[in-house]
Amino acid sequence: MTPGWITTTLLDNDTPGGWAVARSREGFLHDDNGPLFPREWLKRQDLSVFAEHGIGHLDGEPVYLLELNAASDVPGCSWQGLRGFMLQGDHTLYKVLGYAAQIGTWAREHRFCGSCGQAMAKVPRERAMYCQACDLRSYPRISPSMIVLITRGDEILLARSPRFVSGVYSTLAGFAEPGESAEDCLIREVREEVQVEVKNIQYIGSQCWPFPHSMMLGFHAEYAGGDIVPQADEIEDAQWFNIRELPPLPASRSIARYLIDLYLARRLGHAEPVLPG
Ligand SMILES: NC(=O)c1ccc[n+]([C@@H]2O[C@H](COP(=O)([O-])OP(=O)(O)OC[C@H]3O[C@@H](n4cnc5c(N)ncnc54)[C@H](O)[C@@H]3O)[C@@H](O)[C@H]2O)c1
Ligand SMILES: [Mg+2]
Ligand SMILES: [Zn+2]
């Protein structure tokens, strides 16, 4: 048995047993023991199953996703969105659910060929959908996004979007566009969102962000010039904050929070935090 969570495409839906998670628009089903259920028990419940996907092995046991048409009542259970599992609880289980969500969404959105419109079929032993007419394979979509902490000595640049929880300020982020390097994207996003220039861009680490399919690439950069001008509509407010007087910050498991905490730790001589993958 290999401990931990390993994704796979090798599971056969006709082989009984293993664990399963159930996902609807309301999130994942869970009870007091969490979101993993014995698969045969789950399949006996009154669920409207849209698709079933073998997704991986957890501590050597196969795990399947039951993708549902709608949430239904299961006695003793309730539904919780993926963000709730990210914010608290077992991080490995959150990784299982994050992967399940991305596979479920991708498979649902790639039932038909984007080129000719015919039905696509699952490719055996590969996470891909295939159109025979076009000889076209569609793989799960991952959207690279840059996220950057900009610093100026004891000050850090944080901003808030109108979508954030009231009072919370975070690092700047944005999606890569075709033709850009990670650095090009970072420089463009920072210019667009606050009209500031940066230098000494350093890659720090990355995080899967399955909302719905981002891959966050985290950077540190130093301020090089310009006065903050927040982008209309996208940025409600942006400010330089002294590291000793910070506003409410993003959730502790996010890479945004990690980039901030890492800088504080280095600046103040504290132990460095660990980035949750
Ligand atoms: N993990 C973290 O700590 C953390 C923190 C901040 C942001 N994020 C994530 O980073 C991503 C980018 O952040 P943002 O919202 O500031 O992005 P952004 O500044 O690029 O603005 C969002 C806009 O980009 C466009 N867009 C949406 N999806 C896209 C895609 N796949 N490719 C290209 N453009 C797209 C839309 O017009 C959307 O309104 C989001 O997924 C966000 O949830 C993660
Ligand atoms: Mg942004
Ligand atoms: Zn086709």
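Start by selecting helix α4, residues 182-194. Helices here are DSSP runs of H or I with at least four residues, strands are runs of E with at least two, and both are numbered from the N terminus. The 13 residues of α4 should span 18 Å at 1.5 Å a residue, and its end C-alpha atoms are indeed 18 Å apart, which agrees. That expected span is 1.5 Å times one less than the number of residues.

Before you click on, a word on what you're looking at: this is a predicted model, where local features need pLDDT of at least 70 and side-chain atom pairs count only at pLDDT 80 or more, while totals for chains, interfaces and linings use all residues. Residues are numbered from 1 along each chain as its sequence is written, chains are lettered from A and ligands numbered from 1 in the order in which they are written, and side-chain values use heavy atoms, leaving out hydrogens and water.

**Still on α4**

Colour Cys185, Leu186, Arg188, Glu189, Val190, Glu193 and Val194: these are buried. Buried means under 20% relative accessible area, exposed means over 50%, and partly exposed is in between, with a 1.4 Å probe and protein chains only. Now show what covers them, which includes β11, β12, β13, β14, β15 and β16 (237-242). Just after the helix, pick Gln195, whose phi is positive, near 60°.

**The magnesium ion**

Select ligand 2, a magnesium ion held by Ala173 (O) and Glu193 (OE) at 2.1 to 2.2 Å. The pair links distant parts of the chain, with Ala173 in strand β13 (residues 172-175) and Glu193 in α4, 20 residues apart. Donors are N, O and S atoms within 2.8 Å of the metal (3.2 Å for Na, K and Ca), and water is not among the atoms, so sites may look incomplete. Ala173 is partly exposed, at 29% relative accessible area, while Glu193 is buried, at 8%.

**Ligand 1**

Next, select ligand 1. Of the 18 residues around ligand 1, the ones that come nearest are Ala173, Glu193, Trp209, Ser214 and Ala256; a residue is near a molecule or strand if one of its heavy atoms lies within 4 Å of it. Try drawing three distances to oxygen atoms of the ligand. From a polar side-chain atom of Arg163 you get 3.1 Å, from a backbone N or O atom of Ala173 it is 3.0 Å, and from a polar side-chain atom of Trp209 it is 3.1 Å. Taken alone, ligand 1 exposes 850 Å², and the protein buries 66% of that. These areas come from the Shrake-Rupley method with a 1.4 Å probe; for residues, only the protein chains shown count as cover.

**Helix α5**

Ala256 leads you to helix α5 (residues 255-268), whose 14 residues should span 20 Å; the end C-alpha atoms are 19 Å apart, which agrees. Its buried residues include Ala256, Tyr258 and Leu262. They pack against β11 (143-152), β12 (155-160), β14 (197-209) and β15 (214-225). After α5 comes Gly269, with a positive phi near 75°.

**Helix α3 and Glu67**

Jump to helix α3 (residues 91-109), which has 19 residues and reaches 27 Å from first C-alpha to last, close to the 27 Å expected. At its start, a side-chain oxygen of Asp90 comes within 3.0 Å of the backbone nitrogen of Thr92.

Then find Glu67 in strand β6 (residues 61-68). Glu67 counts as buried, at 1% relative accessibility. A polar contact of 3.1 Å joins its side chain to that of Arg108. Such a contact is a pair of N or O atoms within 3.5 Å; within protein, one must be able to donate a hydrogen and the other to accept it, and residues adjacent in sequence count only if both atoms are side-chain atoms. Beyond its neighbours within four places in sequence, Glu67 is in contact (heavy atoms within 4.5 Å) with residues including Arg23, Phe50 and Gly104.

**Last stop: Lys122**

Lys122 sits in strand β8 (residues 121-122) and is partly exposed, at 49%. Its side chain reaches the backbone oxygen of Glu52 at 3.2 Å and makes a polar contact with the side chain of His53, also listed at 3.2 Å.

Now zoom out. You should see five helices and 16 strands, with a C-alpha trace that spans about 60 × 45 × 35 Å along its principal axes. Buried residues make up 45% of the 277 residues.
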